[in-house]
Amino acid sequence: MKKILFASALILSTLSCKENKSRNAQVVENAVDNSESSVSGSLKSYRDENMIDKIYSELIKNDKSLKALDDKLVKLYDENRKVLELYAEPLHKSESFYLDAKSQAGTIKDSILKQQMEKEIKISSDQYDLKISKVKELMAKVNQNSDDINNQYTAFKIRKTLPEIEKYQNAHPLKTDSLENFIKKQNELLNELKKLK
């Protein structure tokens, strides 16, 4: 009985492989079929490689204007990172200093000296906050603009790749014939097995 099951499974898998090969040979090539190669050079979304990025990467290969746009965005994101890095270290060091100063002032045993130091730290910290308020406001604007650009580009990529997935779907119609035939074979084998005692 095990031999019958094994032989049946082997025959069915062979038939199904042959069907798939002949069907795949007839498929029209498009960006979706070519997207299986890795995404190269394009500005990827921050998620792992996904179908939109893979398909869009294929579109870029054949469209100079899309490639130029993608290059411009890659360059802009790189500049964005560099500009923010200029401010990150000085801001971090100053904020760390005030945190450390407050912490250490808290360890002073003399209550009058402790209060005096806490007051001086607060005055200096408040003055610094006023000095950097414009910088923080502009950094927030840079981050907001970056988010807006990313959102718009993501929407653009989705719109550009929707027709490609639709072409792929049309080239790969999901007919039920193979499934129905396979279920018929399964049922025949089931009936045969039920008769065995």
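Here is a friendly exchange about how the helices of this predicted model pack and which residues lie buried between them.

User: What makes up the protein chain, in helices and strands?

Analyst: The protein chain has six helices and zero strands. Read from the N terminus, its elements run α-α-α-α-α-α. Of the 197 residues, 22% are buried. Among contacts with a separation of 6 or more, 69% join residues 24 or more positions apart.

User: Why is α4 called roughly antiparallel to α5?

Analyst: Their axes are 10 Å apart and the angle between them is about 160°. Angles over 145 degrees count as roughly antiparallel, so α4 is roughly antiparallel to α5. The crossing of α4 past α5 is left-handed. In this contact there are 22 nonpolar, seven polar and seven charged residues.

User: And what makes α3 roughly perpendicular to α5?

Analyst: Here the axes come within 9 Å and cross at roughly 75°. The range for roughly perpendicular is 65 to 115 degrees, which is why α3 is described that way relative to α5. On the α3 side the contact is made by Ile52, Asp53, Ile55, Tyr56 and Leu59, and on the α5 side by residues including Tyr153, Phe156 and Lys157. Seven of the contact residues are nonpolar, one is polar and four are charged.

User: Why are α3 and α4 called oblique to each other?

Analyst: Helix α3 (residues 51-61) and helix α4 (residues 64-105) pack at an angle of about 120°, with axes 6 Å apart. Roughly perpendicular ends at 115 degrees and roughly antiparallel applies over 145. An angle of about 120° therefore belongs to the rest, and the pair is oblique. Tyr56, Leu59 and Ile60 of α3 touch Leu66, Lys67, Leu69 and Asp70 of α4. That contact has five nonpolar, no polar and two charged residues.

User: How do you know that Ser146 is buried?

Analyst: Ser146 has a relative accessibility of 15%. The cut-off for buried is under 20%, so Ser146 counts as buried. Ser146 sits in helix α5 (residues 111-171). Setting aside neighbours within four places in sequence, Ser146 is in contact with Tyr77 and Asn80.

User: Which class does Glu95 fall into, and why?

Analyst: Glu95, in helix α4, has 36% relative accessibility. Buried ends under 20% and exposed starts over 50%, so Glu95 counts as partly exposed. The C-alpha atom of Glu95 is separated by 9.7 Å from that of Asp129, 34 residues apart along the chain.

User: What makes the set with Leu84 and Met139 a nonpolar core?

Analyst: A nonpolar core needs buried residues of certain nonpolar types, joined through side-chain atoms within 4.5 Å. Leu84, Leu91, Tyr98, Ala101, Ala105, Ile121, Tyr128, Ile132 and Met139 form the largest such core, nine residues in all. Both α4 and α5 supply at least two residues each, and α4 gives the most, with five. Leaving aside neighbours within four places in sequence, Leu84 is in contact with Met139, Val142 and Asn143. Another core lies apart from this one and has seven residues, among them Tyr56, Leu59, Ile60 and Tyr153. As general background, nonpolar side chains tend to be buried together in soluble globular proteins.

Methods
Residues numbered from 1 in each chain as written. Predicted model: local features only at pLDDT ≥ 70, side-chain atom pairs only at ≥ 80, totals over all residues. Heavy atoms only, no water. Helix = DSSP H or I, 4+ residues; strand = E, 2+ residues; numbered from the N terminus. Buried < 20%, exposed > 50% of the residue type's maximum accessible area, 1.4 Å probe, protein only. Contact = heavy atoms within 4.5 Å. Axes fitted to C-alpha atoms, helices over the stretch in contact; angles between N-to-C directions. Parallel < 35°, antiparallel > 145°, perpendicular 65-115°, else oblique. Nonpolar A, V, L, I, M, F, W, Y, C, P; charged D, E, K, R; others polar. Left-handed = near helix turned anticlockwise from the far one by under 90°.
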